[in-house]
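Work through these exercises with the structure open. Try each task before you read its solution.

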Amino acid sequence: MDFIRVRASSDGAEVISYWTGDVYGHQDDDGPHHLFGFEGLNVARAVETGADWQLLTREAALYLDPASRQVLDTWDNPFTGHTVEVRHVFNDPVNQRLGAYPVPETRLGGQVVYNVDVRLAYPSPLKVADYPDNSASDTYRALELFQFFVSAADLESGVPDVPCVFSWCRVSPWLPWMAMGRRGGGLVYHCRGAKVAEVPGRLRERAGEHFLHAPERWSEPNVTSWTAFRDNPAGGAGR
């Protein structure tokens, strides 16, 4: 499956992807506002199981001041006027199965673009009745749009790990730690990245050694910002 070589490496080697970008937010009658910078990493290992592939990953990401690009530990919410603790992303695991369905691809001259459009709608880990300040709905709905850009020559070379750059856009509800309650509106993430040999020092330092390596084996369930908040609503304690 060519896309495995684009997203990770078909020989089982660990592959680090780094991204950087921005997060915008809007209410139904206000915005959009430039709320955060955002940078992160995902470390993946692809394992062939016979019928499909397991993509074993974990990821870490930091919310940044949109102007200075410094890491934020607290945030002055312009919509509510409250200061809240920023809950950075430390998701372990983030696993998925690939291979059951072909990934759409588009040939553009000497370049091939793979697009993965993920439409999400499932019961929210944060029920409104239990988390009235942190959840706007009992159903989590989001849209994640990925594009992976590769050289056709690299793809046709047969190498197990094909160099690529990618874009990622996410449309999602307010984050739980923003304490937006049931206000209308939400967030748009707009990021770009690439496979890399190393990630920036501050991200490495914040993530720690654990998040610089992919899982060895399949486990579930996956961790998200919503399940992490549910499991540690007080915050302030580790990852």
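**Exercise 1. Count the salt bridges, then examine three pairs.**

Start with the rule: a salt bridge is a side-chain nitrogen of Lys or Arg within 4 Å of a carboxyl oxygen of Asp or Glu. By this rule the count comes to 11 salt bridges. This is a predicted model; local features need pLDDT of at least 70, side-chain atom pairs count only at pLDDT 80 or more, and totals for chains, interfaces and linings use all residues. Residues are numbered from 1 along each chain as its sequence is written, and side-chain values use heavy atoms, with hydrogens and water left out.

Step 1. Find Glu39 and Arg202. They form a salt bridge, and their closest N and O atoms are 2.8 Å apart. Glu39 lies in strand 2 and Arg202 in helix 3 (residues 201–207), so the pair ties together parts that are 163 residues apart in sequence. Helices (H or I, at least four residues) and strands (E, at least two) are DSSP runs, numbered from the N terminus.

Step 2. Check burial at both ends. Buried means under 20% relative accessible area, exposed over 50%, and partly exposed in between (1.4 Å probe, protein chains only). Glu39 is buried at 4%, while Arg202 is partly exposed at 29%.

Step 3. Move to Asp161 and Lys195. Their salt bridge has its closest N and O atoms 2.7 Å apart. Asp161 sits in the loop between helix 2 (152–156) and strand 11 (165–172), and Lys195 in strand 12 (residues 186–196), so the pair ties together parts that are 34 residues apart in sequence. Asp161 is partly exposed at 34%; Lys195 is buried at 16%.

Step 4. Finish with Arg230 and Asp231. The closest N and O atoms of this salt bridge are 3.0 Å apart. Arg230 is partly exposed at 36%, and Asp231 is exposed at 58%.

**Exercise 2. Which residues are linked in a network of salt bridges?**

Look for Glu14, Arg45 and Glu216: salt bridges link them in a network.

**Exercise 3. Describe the largest nonpolar core.**

Step 1. Apply the definition: a nonpolar core is a set of buried Ala, Val, Leu, Ile, Met, Phe, Trp, Tyr and Cys residues joined through side-chain atoms within 4.5 Å.

Step 2. Read off the size. The largest core has 47 residues, and those with the most contacts inside it are Val6, Phe38, Tyr63, Trp75, Tyr114, Trp177 and Met178. Strand 2 (residues 30–48) gives the largest share of this core, 5 residues.

Step 3. Look for another core. One of 15 residues lies apart from the largest, with Ile16, Leu62, Leu64 and Leu212 among its members.
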